[in-house]
Amino acid sequence: MAPSSTPGKNQVFIGTFIHAKCLGELEYLHNTAVCVDASGTIVAIEPNCNQQKAVETLYARLGWSLDNVAITVARHELQFFFPGFIDTHVHASQYPNVGVFGKSTLLDWLNKYTFPMEASLSSLSKARRVYTRCIRRTLANGTTTAAYYATIDVKATNLLADLCYSMGQRAFIGRVCMDRLGPEYYLDESPDHAIAATRATVEHIRRIDSNFELVSPIITPRFAPACSSEMLTRLSELQKQTQLPMQTHISENDNEIKLVAELFPDGKSYADVYDTHGILNEKMILAHAVHLTEEEADLVAERKAKIAHCPCSNSALTSGVARVRWLLEKGIQVGLGTDMSGGYSPSILDAARQATIVSNHLIAPGGQLSCASQEERDKAKLSIEEVLYLATKGGAQVLGLADKIGTFEVGMQWDAQLIDLGRVPDDVAEDDYAIHGNLDIFGWETWDERIAKWVFNGDDRNTKKVWVRGRLVHE
Ligand SMILES: Nc1nc2[nH]cnc2c(=O)[nH]1
Ligand SMILES: [Zn+2]
């Protein structure tokens, strides 16, 4: 396995930088230089700067010599740097199934498409093909960090960790734990077995990345219907010993919620089942949360658990619409997830787009548009600035990385993407700009309008370069 090297050179990036430091607001830093040291950490941000000024003043201040600095300059006005996207919920093992879900809903989708695909990745050659393509594709879409579910197979899960490490994607790697609900050929034989397997993955990752700086294990009970009470208790004990993060699903689909009530008759609610088993805490990332009750959302907030909002999946599998504004107003930290292959798109830009669109179908705190006042309808809607926050800094908070990634600030790591919105017609011959992706910029748009166009019509063709910890990982 090739080591995930840092570049070994200091770097300067010059141009426009855009990020969301707080919910609902984008900050634009034009004509700016961002200096990144050889470890991939931002060490200076200089406004009113160009290449010449950077060389003349910044290098001296930082003690850098000319021959040890690589410079990347945005090539024209419609290129800008943006923080790397953070996918807080994605099943790498389901990647071959993206788009293949027919009219199924969660429980039949799991049986028909998902469990057979995941089980088939015990073939390491197949796992390598699938995981390599998944990482390549998500990097190409600007995802610098992903919280992955792999499968129950330890060797294949460890391979996903190896590949993330060597391809340079920041990742959380979850060996899936499930001792019921799945087909016989795809189950943990006991909670003991699941604990040993999870520990084996933790130890493997410790060997390749001892401080979990790029790749970290994450404890992964699939969801309550697939885990016995003993399994949840044992995983909770493991989490308390290791202090590792955890991820699972909650309240995605009506039949799933009914199943939880049947399987855990003493549980007051779905969230209560996780809480009474000791896994509802600040390290837990809950995917979906579509149908949480008021009491459950209050409990999630009180325990400081996080939520991965997966709008693409929630629409594809007819699960419903999560009430993101309502969750945020309770103080819950929310990020975005593709949830491939419940979701069909590998792109967090797409998740951001869909987060705005599905929020239009809600009133606050929940219900049908037709019986809400205009004010209530407008309140539930998420803005472009808000969904870009969820895609970056919100995701960083969900993964416990808000001090490292998600915005451009001194001390943060250079996890970033260079976005190119194309050229305005005046600059370039018609037949040239026509091939630049799916966006047409005319030149009169404000920056906010340019960003809105990117969110609604942009795609990986606009993502020119991607870096993680200063290392160029996609071009
Ligand atoms: N969307 C989704 N929901 C789940 N609930 C349990 N497993 C899964 C899964 O793989 N995908
Ligand atoms: Zn999922």
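1. To start with the terms used for the residues around ligand 1: Ala, Val, Leu, Ile, Met, Phe, Trp, Tyr, Cys and Pro count as nonpolar, Asp, Glu, Lys and Arg as charged, and the others, Gly among them, as polar. On that basis the shell around ligand 1 splits into 3 nonpolar, 5 polar and 3 charged residues. Bear in mind as you read on that this is a predicted model.

2. Which residues sit around ligand 1? They are H91, L106, L110, T114, R222, F223, H249, E252, S313, D339 and G342. Helix α2 (residues 106–120) supplies the largest share of this shell, 3 residues.

3. Now for confidence. The protein chain has an average pLDDT of 94, and 93% of its residues score at least 70. The part to treat with care is residues 1–6, where the pLDDT is below 50; in the model this stretch has 15 contacts beyond near neighbours in sequence. For the complex, the predictor gives an ipTM of 0.99 and a pTM of 0.96.

4. On overall build, the protein chain has 16 helices and 18 strands. Its C-alpha atoms fill a box of roughly 70 × 55 × 40 Å along the principal axes. The radius of gyration is 22 Å, which agrees with the value near 23 Å that a compact globule of 475 residues would have.

5. How much of the protein chain is buried? Buried residues account for 51% of the 475. As for how the chain folds back on itself, take the contacts between residues at least 6 apart in sequence: 72% of them join residues at least 24 apart.

6. The domain assignment splits the protein chain into domain 1 (10–83 + 407–474) and domain 2 (85–398). Domain 1 is thus written as two stretches of sequence, 10–83 and 407–474. Taken over C-alpha atoms, the centres of domain 1 and domain 2 are 31 Å apart.

7. Where the domains meet, 25 residues of domain 1 are in contact with 23 residues of domain 2. On the domain 1 side, the elements giving two or more residues are β1 (10–22), β2 (25–36), α16 (447–457), β17 (463–468) and β18 (471–474). Of these, α16 gives the most, with 4 residues. By type, this side of domain 1 divides into 11 nonpolar, 7 polar and 7 charged residues.

8. T105 is worth a look. You'll find T105 in the loop between β6 (85–91) and α2. Is T105 buried, exposed or partly exposed? T105 has 17 other C-beta atoms within 10 Å; 20 or more would make a residue buried and 12 or fewer exposed, so T105 counts as partly exposed. Leaving out neighbours within four places in sequence, T105 is in contact with N253, L317 and T318. The C-alpha atoms of T105 and R222 are 17 Å apart, with these positions 117 residues apart along the chain.

9. V176 makes a handy contrast. V176 belongs to strand β9 (residues 176–177). With 24 other C-beta atoms within 10 Å, V176 is buried, whereas T105 is partly exposed. Not counting residues up to four places away in sequence, V176 touches Y149, A150, T151, I152, T220 and R222. R222 also appears in the shell around ligand 1. From V176 to E445, which are 269 residues apart along the chain, the C-alpha separation is 46 Å.

Definitions and conventions. Residues numbered from 1 in each chain as written. Chains lettered and ligands numbered in written order. Predicted model: local features only at pLDDT ≥ 70, side-chain atom pairs only at ≥ 80, totals over all residues. Near = placed C-beta within 6 Å. Rg over C-alpha atoms; globule rule 2.2 N^0.38 Å. Contact = placed C-beta atoms within 7 Å. Domains from an automatic or database assignment. pLDDT = per-residue confidence, 0-100.
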